[in-house]
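Work through the following exercises with the sequence and the model side by side, and try each task before reading its solution.

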Amino acid sequence: MDVRALRYFVEVVRQQSFTRAAEQLYVTQPTISKMLRQLEDELGCTLLIREGRKLHLSDTGQAVYQRGLTILQEFKQLEAEIGDINQLKTGELRLGIPPMVGMQIAGSISAFRQRYPGVELKIAEFGGLTVQQAVLSGSLDIAMTALPVADDLPLNSLALMSHPLCVLVPRTEEWLRRSHMPIGELAGHPILIYNEEFSLNRQLMRAFQSSGFTPQIAVRSGQWDFLAAMVQAGMGIAILPEPICQRLDRSQLLWLPLESDLVWKLGLIWREGSYLSRSAQAWIGCCREFWPGETPRLSI
């Protein structure tokens with residue numbers, strides 16, 4: 001059923017005139033007459049009974065009129081809701097972030113909320129590989145994770161920032177004499193590292209392999225503060241991004257630059273070739289303002 005035909009029919013009943021209905025709807029009278037005939041043909045019944053200048057509703061016409069009022073009101077409400085979504089007065093953004101990324105994007109999240117207070121933010125905290133799968137499955141609209149992602153994944157990405165990695169060690173006399181840490185030296189120490197679901201873990205394991213050694217993994221965890229506590233307790237050393245280290249207790253811990261080409265590169269990922277909500281598009285725009293100058297990598 002064409003909603004226009006229903007709208008024309010309801011207006012004719014309201015106005016009790018084809019001519020006045022045409023004037024109200026800014027269409028010609030023949031157009032209204034044609035649409036109403038099509039509506040009657042589609043429903044297989046007579047809706048209006050003409051008696052001279054008067055119009056009467058048949059029993060079926062009365063039912064269509066009453067139901068039509070409800071349908072048109074619902075359609076009007078739908079148009080209003082779509083307008084609100086398009087103007088980002090309402091909506092939802094399902095955003096994934098690894099646990100240690102939150103502090104990096106707090107400012108952009110605050111700016112997004114101030115700009116679009118009607119958009120509900122649903123934030124899921126998982127490791128980088130988990131948020132990748134959530135984006136691919138469609139359970140998340142967009143996510144921030146460590147880059148790069150695998151070339152064979154149907155994901156678009158936008159690099160936002162990068163930070164060096166540091167080796168976190170106890171603040172002891174032995175380590176105070178050091179100014180940096182070559183990656184090869186890590187072979188001689190117990191390593192405290194992130195769980196397998198974290199992209200950084202995968203990148204580090206590849207870097208260890210390229211340097212020709214298998215690390216002595218002492219502890220795996222998804223919490224950077226727990227890894228720091230284990231370092232302080234003498235369980236081993238950890239490799240953490242510099243911004244994470246800057247939050248730690250300088251009186252108890254020390255971080256040395258990791259001598260390696262490996263960096264902590266963060267960016268957004270979203271599914272290639274799929275619909276991207278207006279809220280997600282607005283989030284990308286907000287992040288571009290915070291970290292300008294980057295170009296998205298489009299998967300092929």
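**Exercise 1. Find the largest pocket, give its volume and describe its lining.**

Solution. Begin with the volume: the largest pocket has about 200 Å³, where a pocket is an open set of points on a 1 Å grid over the protein atoms alone, with protein on both sides within 12 Å along at least five of seven lines, and a cavity is a set of points where a 1.4 Å probe fits but cannot get out. Grid points are joined across faces, edges and corners, and the volume is the space filled by probe spheres set on them. This is a predicted model, in which local features need pLDDT of at least 70 and side-chain atom pairs count only at pLDDT 80 or more, while totals for chains, interfaces and linings use all residues. Residues are numbered from 1 along each chain as its sequence is written, and side-chain values use heavy atoms, with hydrogens and water left out.

Next, collect the lining residues, which have an atom within 4 Å of a point; they are Arg7, Val10, Glu11, Arg14, Leu25, Leu69, Leu72, Gln73, Phe75, Lys76 and Glu79. The elements giving two or more residues to this lining are α1 (3–15) and α4 (59–86), helices here being DSSP runs of H or I with at least four residues, and strands runs of E with at least two, numbered from the N terminus. The largest share, six residues, comes from α4.

Finally, sort the lining by class: five residues are nonpolar, one is polar and five are charged. In this scheme Ala, Val, Leu, Ile, Met, Phe, Trp, Tyr, Cys and Pro count as nonpolar, Asp, Glu, Lys and Arg as charged, and the others, Gly among them, as polar.

**Exercise 2. Decide whether Glu11 counts as buried or exposed, and list what Glu11 touches.**

Solution. First place Glu11, which lies in helix α1. Glu11 counts as buried because its relative accessibility is 11%, and buried means under 20% relative accessible area, exposed over 50% and partly exposed in between, with a 1.4 Å probe and protein chains only. Then look for contacts (heavy atoms within 4.5 Å): not counting residues up to four places away in sequence, Glu11 touches Ala21, Gln24 and Leu25.

**Exercise 3. Locate the largest cavity and say which domains line it.**

Solution. Start with the count, since the structure holds one cavity of 30 Å³ or more, and about 50 Å³ of space lies in the largest cavity. Its lining consists of Pro98, Met100, Val101, Gly128, Thr145, Ala146, Phe198, Ser199, Leu200, Trp264 and Leu266. Two or more of the lining residues come from each of β5 (142–147), α8 (199–210) and β12 (263–271). By class, eight are nonpolar, three are polar and none is charged. For the domains, whose bounds come from an automatic or database domain assignment, the lining draws at least three residues from each of domain 2 (89–160 + 265–290) and domain 3 (163–263).

**Exercise 4. Which residues outside glycine have a positive phi, and how accessible are they?**

Solution. Take Gln16, in the loop between α1 and α2 (18–25), whose phi is near 55 degrees; at 35% relative accessibility, Gln16 counts as partly exposed. Then turn to Tyr26, in the loop between α2 and α3 (29–43), with a phi of about 60 degrees; Tyr26 counts as exposed, at 78% relative accessibility.
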